[in-house]
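The following exercises concern the geometry of helix packing, the state of the cysteines and the overall fold. Each task is followed by a solution in steps.

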Amino acid sequence: MYRKTRREKHKITGVTIFLLSAALLFCMAGCGRKEDASDEAESTLSQDNPPEHIVTIGFSQIGSESDWRMASTKSVQEAFAAHEGFELIYNDGQQKQENQIKAIREFIDQDVDYILLDPCVETGWDSALLEAKEAGIPVIVYDREVVVSDNSLYTAWIGSDFYLEGKKACTWLREYLQAIGYYGDVNIVDIQGTFGASAQIGRSRALDEAVSENSRWHLIGQETGDFTTSKGREVMEEMLIQHGGNINVVYCENDNEAYGAIEAITKAGYKIGSDFAAHEMLILSFDSTSEGLRLTKEGKIAVNTECSPLYGPRLVRMIEQMEAGEKPEFRTYIEEEQFSAFTGIGSLRIDGDSYFVTRVTDELLDEREY
Ligand code: AHR
């Protein structure tokens, strides 16, 4: 199929704008309508600043499985809507890679200028990204990562260091147990994210490693909760049937799973806390959404490691940069925080770097954007 090059697309858009402007001027003169001051101002404005080229961006989102995801969609949609030269075409992948691949192909057929991809899983993107590359459409991957045979298949990636997030959570747990003077066995269950997603891979790996480094830590259950509240609840119910009050720590790989786990634990008659002798269970979570932080402030979530969904302005800047002919950074990690109501740990030391642990206050909750 013949495809227009970027340059041809710009030329065609310019010709179209010229013809439309000429038709508008002709109509205004020919119709003899009396112009008032505001009409004049408007037409001058549109002649002086016609949008040279509307940049179209196909946005393939994973779905709406979590509060984080919905905040991320909103951030991207709002940031692009506020930019008058950009038009975003949104596609909801409904948690399925095949839908996201289909969306990429549709964007190629629509001849968009850019594709934004938040990939549900890391592998399986080579063919679709090759097709985009051959069509001359730059693909920006964000949040989760893609693992492809050739890195030139995408233009840039911006996202979280999910492994570091997991290390922060596990390091906090180790420090916390020391701070409360607990040196006994620790039975941990892991409610994982969607299998194959970078957020799951990094967070699970950090926990697996921490367990192998701490001889008293035992990973007694590990199952996917798909990053959703309902699956998180369901998995926690199963784990409680299997292990009952022998569970000490529940490592939830996102806030929605933590909401579900807290419901299941409470419903089963157990308490959240660190009195392990009384069968209390400690919850660790990721994302730090408003609701997640509210539960952290209440002490229901012991530590919440942030994963920011606010990508909209960052992605707009990246495309502006590319429109200006600049090359964006190929890989960018965003900075993230960690929150707890426990004030005994002010910061953590990981691989020679320090990370602050912020206390959750009402002020922080009021200001939280997602
Ligand atoms: O990829 C980011 C993860 O995906 C977030 O932790 C989670 O909430 C989301 O669904």
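**Exercise 1.** In this predicted model, determine how helix H9 and helix H10 pack, and which residues make the contact.

*Solution.*
Step 1. Locate the elements: H9 covers residues 255–267 and H10 covers residues 290–297.
Step 2. Take the geometry. The axes of the two helices lie 9 Å apart, at an angle of about 50 degrees.
Step 3. Classify the angle. Roughly parallel requires under 35 degrees and roughly perpendicular 65 to 115; H9 is therefore oblique to H10.
Step 4. Assign the hand: H9 and H10 cross in a left-handed sense.
Step 5. Identify the residues. H9 contributes Asp255, Tyr259 and Ile262, while H10 contributes Glu291, Gly292 and Leu295.
Step 6. Sort these residues by class: three are nonpolar, one is polar and two are charged.

**Exercise 2.** Carry out the analysis for helix H8 and H9: at what angle do they pack, and how far apart are their axes?

*Solution.*
Step 1. H8 spans residues 229–243.
Step 2. The angle between H8 and H9 is about 40 degrees, and their axes are 7 Å apart.
Step 3. An angle under 35 degrees would count as roughly parallel; H8 and H9 are therefore oblique to each other.
Step 4. The crossing of H8 with H9 is right-handed.
Step 5. On the H8 side, the contact involves Thr229, Gly232, Arg233, Met236, Glu237 and Leu240. On the H9 side, the residues include Asn256, Tyr259, Ala261, Ile265 and Lys267.
Step 6. The contact of H8 with H9 comprises six nonpolar, four polar and five charged residues.
Step 7. Note that Tyr259 of H9 appears in the contact with H10 and also in the contact with H8.

**Exercise 3.** Establish how many disulfides the structure contains, and decide whether Cys120 and Cys170 are buried or exposed.

*Solution.*
Step 1. Recall the bond in question: a disulfide covalently joins the sulfur atoms of two cysteines.
Step 2. Searching the whole structure yields zero disulfides.
Step 3. Apply the burial cut-off, under 20% relative accessible area. Cys120 has 5% relative accessibility, so Cys120 is buried.
Step 4. Cys170 has a relative accessible area of 6% and is therefore buried.

**Exercise 4.** Describe the protein as a whole: how many helices and strands does it have, and what percentage of its residues count as buried?

*Solution.*
Step 1. The secondary structure consists of 12 helices and 15 strands.
Step 2. The protein has 370 residues, of which 50% count as buried.
Step 3. Consider contacts between residues at least 6 apart in sequence: 72% of them join residues at least 24 apart.

Notes
Residues numbered from 1 in each chain as written. Predicted model: local features only at pLDDT ≥ 70, side-chain atom pairs only at ≥ 80, totals over all residues. Heavy atoms only, no water. Axes fitted to C-alpha atoms, helices over the stretch in contact; angles between N-to-C directions. Helix = DSSP H or I, 4+ residues; strand = E, 2+ residues; numbered from the N terminus. Parallel < 35°, antiparallel > 145°, perpendicular 65-115°, else oblique. Left-handed = near helix turned anticlockwise from the far one by under 90°. Contact = heavy atoms within 4.5 Å. Nonpolar A, V, L, I, M, F, W, Y, C, P; charged D, E, K, R; others polar. Disulfide = S-S within 2.5 Å. Buried < 20%, exposed > 50% of the residue type's maximum accessible area, 1.4 Å probe, protein only.
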